[in-house]
Amino acid sequence: MIADNYQIIQAHIPNTVKLIAVSKTYPNEAINQLYKLGHRDFGENKVQELVEKYEHLPKDIRWHLIGHLQRNKVKYIAPFVTLIHSVDSLKLLQEINAQAIKHNRTINCLLQFHIANEDTKYGLTIEEADEILQSVEFKSFKNIFIVGVMGMATFTEDERIVRREFTTLKNIFEQLKSSYFYQNDSFREISMGMSGDYKLAIQEGSTMVRVGSLIFGNRPK
Ligand SMILES: *Cc1c(COP(=O)(O)O)cnc(C)c1O
């Protein structure tokens, strides 16, 4: 089942787009099934669950933190996380940088933007991002790399709304690239698209899709 779903989705994704298998709430055994097919990129939204899975699963898995991250929990994932998709404040970046220094590594991050209609979703506005990126403090953070942006579209059947929000994120990416990262080839990721909207996201320029239930089946409630 999982293997079939996975292969169908991969067939719809161009080579230039990375599939992050969102394994939150699913057991290690489900992750292992994909691992055996050669898949290595997995996403989790809770620190505790991420750390438990990291401890029990093969060490060459690339773990992505995709959910809201509290500053006091950065220390638990700093030794091993591959990419933090959900950076939404200067204070959080400061803590990620400090923990990265402790572990003598550089941590890749995406800036999360608020692109949906719903007020419940986390993320920055472009003005807040400008403020962060122009700050003296940000420029002093040597152990983080900002490699792109992330966003979640409104949960709706209306394709026009979803497409418009993805376009907004793509435009934010282009704007930041030309203002702050024009000499920096590693600023290139646009993390957008989930089970319900990943095809639209790819049409609108996504470089990373975060797909869970379409691979693993309906999530246990
Ligand atoms: C759960 C989650 C996903 C994946 O959702 P599915 O609808 O199961 O594909 C993607 N991104 C984030 C931030 C999530 O929390």
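The ligand in this predicted model is surrounded by V22, K24, I66, M150, M152, M194, S195, R210, V211, G212, S213 and R219, where a residue counts as near a molecule if one of its heavy atoms lies within 4 Å of it. This shell divides into six nonpolar, three polar and three charged residues; Ala, Val, Leu, Ile, Met, Phe, Trp, Tyr, Cys and Pro count as nonpolar, Asp, Glu, Lys and Arg as charged, and the others, Gly among them, as polar.

Within that shell, R210, G212 and S213 have N or O atoms at short listed distances from the ligand. An N or O atom in the side chain of R210 is 2.9 Å from a nitrogen atom of the ligand. For G212, a backbone N or O atom lies 2.8 Å from a ligand oxygen atom, and for S213 a backbone N or O atom lies 2.8 Å from an oxygen atom of the ligand. The ligand taken alone exposes 390 Å², and the protein buries 90% of that. Such accessible areas come from the Shrake-Rupley method with a 1.4 Å probe, and for residues only the protein chains shown count as cover.

Residues are numbered from 1 along each chain as its sequence is written. Local features need pLDDT of at least 70 and side-chain atom pairs count only at pLDDT 80 or more, while totals for chains, interfaces and linings use all residues, and side-chain values use heavy atoms, with hydrogens and water left out.

Helix 5 covers residues 90-102. Helices (H or I, at least four residues) and strands (E, at least two) are DSSP runs, numbered from the N terminus. The 13 residues of helix 5 reach 19 Å from first C-alpha to last, close to the 18 Å expected at 1.5 Å a residue; the expected span is 1.5 Å times one less than the number of residues. At the N-terminal end, S89 caps helix 5, with a side-chain oxygen 3.0 Å from the backbone nitrogen of L92. Just after helix 5, N104 takes a positive phi of about 55°, although N104 is not a glycine. N104 has its place in the loop between helix 5 and strand 5, and N104 is exposed because its relative accessible area is 70%. On this scale buried means under 20% relative accessible area, exposed over 50%, and partly exposed in between (1.4 Å probe, protein chains only).

Which residues of helix 5 are buried? They are L92, L93, I96, N97, Q99 and A100. An α-helix has 3.6 residues a turn, so residues three or four places apart point the same way. The cover over the buried residues of helix 5 includes helix 4 (74-77), strand 4 (83-87), strand 5 (107-113), helix 6 (126-134), helix 7 (136-140) and strand 6 (144-151).

N97 in helix 5 counts as buried because its relative accessibility is 6%. Not counting residues up to four places away in sequence, N97 touches F141, K142, N143 and I144, contact meaning heavy atoms within 4.5 Å. With one of these residues there is also a polar pairing: the N97 side chain reaches the backbone nitrogen of N143 at 2.8 Å. A polar contact is a pair of N or O atoms within 3.5 Å; within protein, one must be able to donate a hydrogen and the other to accept it, and residues adjacent in sequence count only if both atoms are side-chain atoms.

Helix 8 (residues 159-180) holds I172, which counts as buried because its relative accessibility is 10%. Leaving aside neighbours within four places in sequence, I172 is in contact with F113 and I126.

The loop between helix 8 and strand 7 (189-191) contains N184. The side chains of N184 and S186 are joined by a polar contact of 2.6 Å. N184 is partly exposed because its relative accessible area is 23%. N184 and V147 are 37 residues apart along the chain, with their C-alpha atoms separated by 9.0 Å.

Towards the N terminus, T25 is found in the loop between strand 1 (18-22) and helix 2 (28-36). T25 has a positive phi of about 75° although it is not a glycine, and T25 is partly exposed because its relative accessible area is 36%. K36 is in helix 2 and counts as exposed because its relative accessibility is 70%. K36 and A3 are 33 residues apart in sequence and 9.6 Å apart in space, C-alpha to C-alpha.
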